[in-house]
Amino acid sequence: MLDSAAMNDLHLRFCDGSQPDLLLESGVHVLGRTPAGLGPVGADAPALLQLCNDRRGIWLTVNEGMRGVHVNGRPVQQVAMLRAGDSIHAEGSELLLYAANDDRTQPPPGPPLRDPAGSLRMVLRGIGGAHHGRCISLDRSRRIGSAASADVRIEGSGIAPEHAVLEAGNGCAMLRHAAGDVLVNGRPVRQALLHSGDQIAFGVQHRFVLEGPPPPSPGSARSGPSSEADAPPEPPRRRWTQGVPWLLLAALLLAAALTALLVFGAR
């Protein structure tokens, strides 16, 4: 899931180039028939599709009577919630939802730090293509391609025998060694640092979503043994008087004084 800042940076691309990319600011965006094809229209024009950007995400509404609308190759009749990287087909046009400024497409050099427990919780879930509905654990590196020996075998135009490698660690995943462009949240990359919720598309039909724990916050992941400075502060030692109620202590002192008065005063 994208954060609020990313939600305000989503664009809709008209893949045939008939319209400029549409910035999906907060609110409702109406699409209808234009002289150039499917595109943005005014509020008083007949609408075919509506895209609403609210705090929950991007919602696609198909107007009554509209048929043949597909998201990632699956039909939509009324409403669908979209994510960055989704492909919409309507009126013979292809529309692609993408995040314009995604600073996670350049991974740091070298392999990620290994985190076996975190890797076991990360899976690649198929949402389109031959692996739709399948969950693939990233407990180890996964080779993706058309080769029979690939861990995730996909086929199609432009898919190489060893197309890419995915490996998980420290609450994220690394896409490496891509033989061709891979779409991450709608943007073509050859390598990328991936977080839970990212959509990865190989070719025109093979789509996956990375699922797992949320990404670590900056500065939360540290390497090496912890030092004394990292340890939580030791709580202050309590005095013995802190454990005794003051009223009880005063009563005991008063009783002792009265006892002494009776003993020594009687002599």
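## The largest nonpolar core

In this predicted model, the largest nonpolar core holds 25 residues, and Leu12, Leu31 and Leu49 touch the most other members. Six elements each give two or more residues to this core: strand E1 (10–14), strand E5 (49–54), strand E6 (57–62), strand E9 (79–82), strand E10 (87–90) and strand E11 (93–99). The surroundings of Leu12 illustrate how residues from separate parts of the sequence meet. Leaving aside its neighbours within four places in sequence, Leu12 is in contact with Asp21, Leu22, Leu24, Leu31, Leu51, Ile88, Leu95, Leu96 and Leu97.

Apart from this core lies another, of 23 residues. Its members include Ala164, Ala178, Val184 and Ile200. Val184 is taken up again below.

## The chain as a whole

The secondary structure of the chain comes to three helices and 22 strands. Of the 267 residues in the chain, 40% are buried. Among contacts between residues at least 6 apart in sequence, 42% join residues at least 24 apart.

## The six-stranded sheet

An open sheet of six strands follows the order E13-E12-E22-E21-E18-E19, and its pairing is antiparallel. Strand E13 (135–137) and strand E19 (187–189) stand at the edges; each has a single partner strand, so one side of each is left without a neighbour in the sheet. From one strand to the next, the twist averages 30°.

At one end of this order, strand E18 (residues 182–184) and E19 pair in the antiparallel sense over three bridges. Within this pairing, Val182 stands opposite Val189 in E19.

## Val184 and its surroundings

Strand E18 also contains Val184. Is Val184 buried or exposed? With a relative accessibility of 2%, Val184 counts as buried, because the limit for buried residues is under 20%. Val184 is also one of the members of the 23-residue core.

Leaving aside its neighbours within four places in sequence, Val184 is in contact with Leu175, Val189, Ala192, Leu194 and Gln199. The C-alpha atoms of Val184 and Ile200 are separated by 4.7 Å, although these two residues lie 16 residues apart along the chain. Ile200, like Val184, is listed among the members of the 23-residue core.

## The five-stranded sheet

A further open sheet has five strands in the order E15-E14-E16-E17-E20, with mixed pairing. The edge strands are E15 and strand E20 (192–194), each of which pairs on one side only.

The individual pairings show how the mixture arises. Strand E14 (residues 142–145) and strand E15 (residues 152–153) run parallel and are joined by two bridges; in this pair, Ile144 stands opposite Val152 in E15. By contrast, E14 and strand E16 (residues 164–169) run antiparallel, with three bridges between them. Here the bridge partner of Arg143 is Val165 in E16. E16 is in turn joined to strand E17 (residues 172–176) by five bridges, and these two strands run antiparallel.

## Glu167 in strand E16

Glu167 has its place in strand E16, and its bridge partner in E17 is Met174. What is the relative accessible area of Glu167? The value is 13%, and Glu167 is therefore buried, as it falls under 20%. The side chain of Glu167 makes a polar contact of 3.1 Å with the side chain of Ser141.

## Gly212 after strand E22

Gly212 lies in the loop between strand E22 (206–211) and helix H3 (246–265). E22 is one of the strands of the six-stranded sheet. With a relative accessible area of 31%, Gly212 is partly exposed.

Leaving aside its neighbours within four places in sequence, Gly212 is in contact with Arg121, Met122 and Ser196. The C-alpha atoms of Gly212 and Gly197, which are 15 residues apart along the chain, are separated by 8.0 Å.

## Cysteines and disulfides

A disulfide is a covalent bond between the sulfur atoms of two cysteines. How many disulfides are counted in this model? With a cut-off of 2.5 Å between cysteine sulfur atoms, the count comes to zero.

Two cysteines may be described by their exposure. Cys15 is partly exposed, with a relative accessible area of 39%, whereas Cys172 is buried, with a relative accessible area of 10%.

Conventions:
Residues are numbered from 1 along each chain as its sequence is written. This is a predicted model: local features need pLDDT of at least 70, side-chain atom pairs count only at pLDDT 80 or more; totals for chains, interfaces and linings use all residues. Side-chain values use heavy atoms; hydrogens and water are left out. Two strands pair if DSSP finds at least two bridges between them. Helices (H or I, at least four residues) and strands (E, at least two) are DSSP runs, numbered from the N terminus. Axes are lines fitted to C-alpha atoms, for helices over the stretch in contact, and angles run from 0 to 180 degrees between N-to-C directions. Buried means under 20% relative accessible area, exposed over 50%, partly exposed in between (1.4 Å probe, protein chains only). A polar contact is a pair of N or O atoms within 3.5 Å; within protein, one must be able to donate a hydrogen and the other to accept it, and residues adjacent in sequence count only if both atoms are side-chain atoms. A nonpolar core is a set of buried Ala, Val, Leu, Ile, Met, Phe, Trp, Tyr and Cys residues joined through side-chain atoms within 4.5 Å. Contact means heavy atoms within 4.5 Å.
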